[in-house]
Amino acid sequence: MNWKKRGGPGRYIAPIACAVFMAVLMLGMIWLLVWGFDTDPAGIPPAPVAALLLELPGAVIVGGIWALIQRLRELGQGEEEDAKRY
């Protein structure tokens, strides 16, 4: 029995799991940068560079959530079969 063909709630598992994994990974990156800046205050890059380093993982998180919302809308409209045609 193929749960993907049936169209059950299992089709939502992979997109949500990927988005959560990416968000956790990027939050870990932000935490690592903040920890590094805190442990070695003399080695902090200039403020614009530090802000950019902290904003990039944040932008990835926002983009991942945005893509997840779009994918969940597609799945809700029954478009999960479109990718199999290509």
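This is a short talk on the helices, the surface patch and the side-chain pairs of one protein chain.

Okay, hi everyone. One thing up front: what you have on screen is a predicted model.

Let's start with the overall layout. The protein chain has three helices and zero strands, so reading from the N terminus you just get α-α-α. How much of the protein chain is buried? Buried residues make up 16% of its 86 residues. The accessible surface comes to about 6,600 Å², and 71% of that belongs to carbon and sulfur atoms. As for contacts with a separation of 6 or more, 63% of them link residues 24 or more positions apart.

Now, helix α2, which covers residues 13–39. I wanted to know how its length compares with expectation. With 27 residues at 1.5 Å a residue, α2 should span 39 Å, and its end C-alpha atoms are 38 Å apart, so that agrees. Which residues of α2 are buried? Those are Pro 15, Ala 19, Ala 23, Met 26, Leu 33 and Phe 37. And what do they pack against? That would be α3, residues 47–76.

You can look at that packing through Val 60, which is found in helix α3. Leaving aside neighbours within four places in sequence, Val 60 is in contact with Met 22 and Met 26. Its C-alpha atom is also 7.9 Å from that of Ala 23, although the two residues are 37 apart along the chain. Val 60 itself is at 36% relative accessibility, so we call it partly exposed.

That takes us to the surface. Val 60 joins Phe 21, Met 22 and Leu 25 in a nonpolar patch, and together they have about 360 Å² of accessible area. Which element gives the largest share? Helix α2 does, with three residues. Take Leu 25 as an example: it lies in α2, and at a relative accessible area of 44% it is partly exposed. Why can Leu 25 be part of a patch at all? Patch residues need over 30% relative accessible area, and Leu 25, at 44%, is therefore past that mark.

Staying on α2, there is one aromatic pair in the structure. The partners are Trp 31 and Trp 35, and they are stacked, with 6.3 Å centre to centre and 15° between the planes. Both sit in α2, four residues apart, which is about one turn of the helix. The spacing fits the usual helix geometry: an α-helix has 3.6 residues a turn, so residues three or four places apart point the same way. Exposed or buried? Trp 31 is exposed, with a relative accessible area of 56%. Trp 35 has 46%, so it counts as partly exposed.

Last item: charges. The structure holds one salt bridge. Side chains of opposite charge can pair when their charged atoms come close. Here the partners are Glu 74 and Arg 71, with the closest N and O atoms 3.0 Å apart. Where are they? Both lie in helix α3, three residues apart, again about one turn of the helix. On accessibility, Glu 74 has 32% and Arg 71 has 29%, so Glu 74 is partly exposed, and Arg 71 is partly exposed too.

To recap: α2 packs its buried residues against α3, α2 also gives three residues to the nonpolar patch, and the stacked Trp 31 and Trp 35 pair lies in that helix as well. That's me done, thanks.

Notes. Residues numbered from 1 in each chain as written. Predicted model: local features only at pLDDT ≥ 70, side-chain atom pairs only at ≥ 80, totals over all residues. Heavy atoms only, no water. Patch = residues over 30% accessible without salt bridge, like charges linked within 9 Å, V, L, I, M, F, W, Y side chains within 5 Å. Areas by Shrake-Rupley, 256 points an atom, 1.4 Å probe, with all protein chains shown as cover. Salt bridge = Lys/Arg side-chain N within 4 Å of Asp/Glu carboxyl O. Helix = DSSP H or I, 4+ residues; strand = E, 2+ residues; numbered from the N terminus. Buried < 20%, exposed > 50% of the residue type's maximum accessible area, 1.4 Å probe, protein only. Contact = heavy atoms within 4.5 Å. Phe/Tyr/Trp six-rings, centres within 6.5 Å; stacked < 30°, edge-to-face > 60°. Expected span 1.5 Å × (residues − 1).
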